[in-house]
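User: Hey, can you walk me through how the inside of this protein is packed? I'm new to this, so plain words please.

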Amino acid sequence: MAKSAKEVHPVKAFGWAARDESGALSPFTFSRRETGDEDVRFKVMYCGICHTDLHRIKNDWGGSKYPLVPGHEIVGVVTDVGRKVQKFKVGDRVGVGCLVGACHKCDNCAADLENYCPKKILTYNATYLDGTTTYGGYSDHMVANEHYVVRIPDNLPLDAAAPLLCAGITLYSPLKYFELDKPGMHVGVVGLGGLGHVGVKFAKAFGTKVTVISTSPSKKKEAIELLGADSFLVRRKIVAGSGIGGLKETQEMVNFAAKHNISADIEVIPIDYVNTAMERLAKADVRYRFVIDVANTLKAA
């Protein structure tokens with residue numbers, strides 16, 4: 001006889017979830033699995049809000065599974081580790097980004113590109129290996145296989161480090177892949193939002209000359225004076241794409257960010273402000289990333 005979800009996942013959890021395509025988020029009690037031999041469990045301290053979260057809670061792309069707990073820019077402090085875990089211990093500062101699973105057999109996985117694995121498992125709104133739905137970081141705690149857990153260096157503030165786990169790796173990865181990480185090169189960053197502003201910081205840390213390309217002339221001052229871009233161009237039509245990055249490169253990115261004091265520019269919010277934050281995000285009314293103060297504001301009913 002098949003086990004129920006509560007039997008498979010007996011550890012109580014609490015978060016905020018969307019119940020339907022309205023996207024309205026509200027308190028939600030659910031459960032997570034016990035700490036497995038290779039698992040790391042951590043108390044969620046902060047979780048960034050990605051534009052993907054907005055699309056998913058409203059089912060803009062189809063395939064949303066309700067109730068849906070968003071969040072794939074998750075950081076916190078380890079509270080438990082499985083007996084076979086080697087890289088982490090209780091008290092470590094860690095994070096989980098967009099992925100919690102992959103096949104580990106395909107060519108992409110062998111090349112540390114789990115993000116391109118055809119069987120990758122997303123941190124939320126996906127089906128895990130045990131057949132249950134994955135829930136994201138708008139919640140009190142998280143558990144993941146240690147392979148998908150990233151160490152957050154001590155000198156990076158946890159709140160401003162959270163967006164690096166999605167926005168950061170999304171910009172860092174193509175800069176490295178296309179070898180645009182050499183001093184003296186000229187890099188164009190299209191768009192100056194939650195992703196673009198981090199891209200400018202990484203490109204400048206690599207020693208390149210950076211041109212910000214935007215549809216908003218009003219962003220010229222902040223691009224040059226606040227973020228250090230070398231020049232600014234206005235374009236009316238832009239096309240962009242990204243594919244995050246693998247876990248090895250994500251850890252490399254976080255370490256590079258710590259070395260060069262790179263973090264996201266954020267607005268920290270309480271969990272009960274999250275629906276207003278989503279409305280503002282839809283209007284691009286944030287500089288540049290919302291981060292939920294989960295530890296201090298998420299209270300179980």
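Analyst: Sure. Keep in mind that this is a predicted model. Let's start with one residue, L164. Skipping its neighbours within four places in sequence, L164 is in contact with L156, I169, V198, F202, M253, A257, I262 and S263.

User: Okay, and which residues touch the most other members of the largest nonpolar core?

Analyst: L164 is one of them, along with L156, V200 and F202. That core has 47 residues.

User: Which elements give two or more residues to this core?

Analyst: There are helices and strands in the list: α4 (158-161), α5 (167-177), β10 (186-190), α6 (196-205), β11 (209-214) and α8 (247-259). The largest share, six residues, comes from α8.

User: Any other core in there?

Analyst: Yep, a second, separate one with 44 residues, and F30, V40, F42 and V294 are included in it.

User: Back to α6. Is it mostly covered or mostly exposed?

Analyst: Mostly covered, since eight of the ten residues in α6 are buried. Those are G196, H197, V198, G199, V200, K201, F202 and A203.

User: Huh, what's covering them?

Analyst: The cover over the buried residues of α6 includes α5, β10, β11 and α8.

User: And what happens just after α6?

Analyst: G207 sits there, and G207 takes a positive phi of about 90°.

User: New topic: how do people describe two packed helices?

Analyst: By the angle between their axes and the distance between the axes. Take α5 and α6: their axes come within 8 Å and cross at roughly 40°. That is why α5 and α6 count as oblique to each other. Their crossing is right-handed.

User: Which residues make that contact?

Analyst: From α5 you have G168, L171, Y172 and L175, and from α6 there are V198, G199, F202 and A203. Sorted by class, the contact of α5 with α6 has six nonpolar residues, two polar ones and no charged ones.

User: How about α5 and α8, at what angle do their axes cross?

Analyst: Roughly 100°, with the axes coming within 10 Å. So α5 and α8 are roughly perpendicular to each other.

User: Who meets whom there?

Analyst: G168, I169, Y172, S173 and K176 in α5 meet E249, T250, E252, M253 and F256 in α8.

User: And how many charged residues does the contact of α5 with α8 have?

Analyst: Three, together with four nonpolar and three polar residues.

Technical notes. Residues are numbered from 1 along each chain as its sequence is written. This is a predicted model: local features need pLDDT of at least 70, side-chain atom pairs count only at pLDDT 80 or more; totals for chains, interfaces and linings use all residues. Side-chain values use heavy atoms; hydrogens and water are left out. A nonpolar core is a set of buried Ala, Val, Leu, Ile, Met, Phe, Trp, Tyr and Cys residues joined through side-chain atoms within 4.5 Å. Buried means under 20% relative accessible area, exposed over 50%, partly exposed in between (1.4 Å probe, protein chains only). Helices (H or I, at least four residues) and strands (E, at least two) are DSSP runs, numbered from the N terminus. Contact means heavy atoms within 4.5 Å. Axes are lines fitted to C-alpha atoms, for helices over the stretch in contact, and angles run from 0 to 180 degrees between N-to-C directions. Angles under 35 degrees count as roughly parallel, over 145 as roughly antiparallel, 65 to 115 as roughly perpendicular and the rest as oblique. A crossing is left-handed if the near helix is turned anticlockwise from the far one by less than a right angle, and right-handed if clockwise. Ala, Val, Leu, Ile, Met, Phe, Trp, Tyr, Cys and Pro count as nonpolar, Asp, Glu, Lys and Arg as charged, and the others, Gly among them, as polar.
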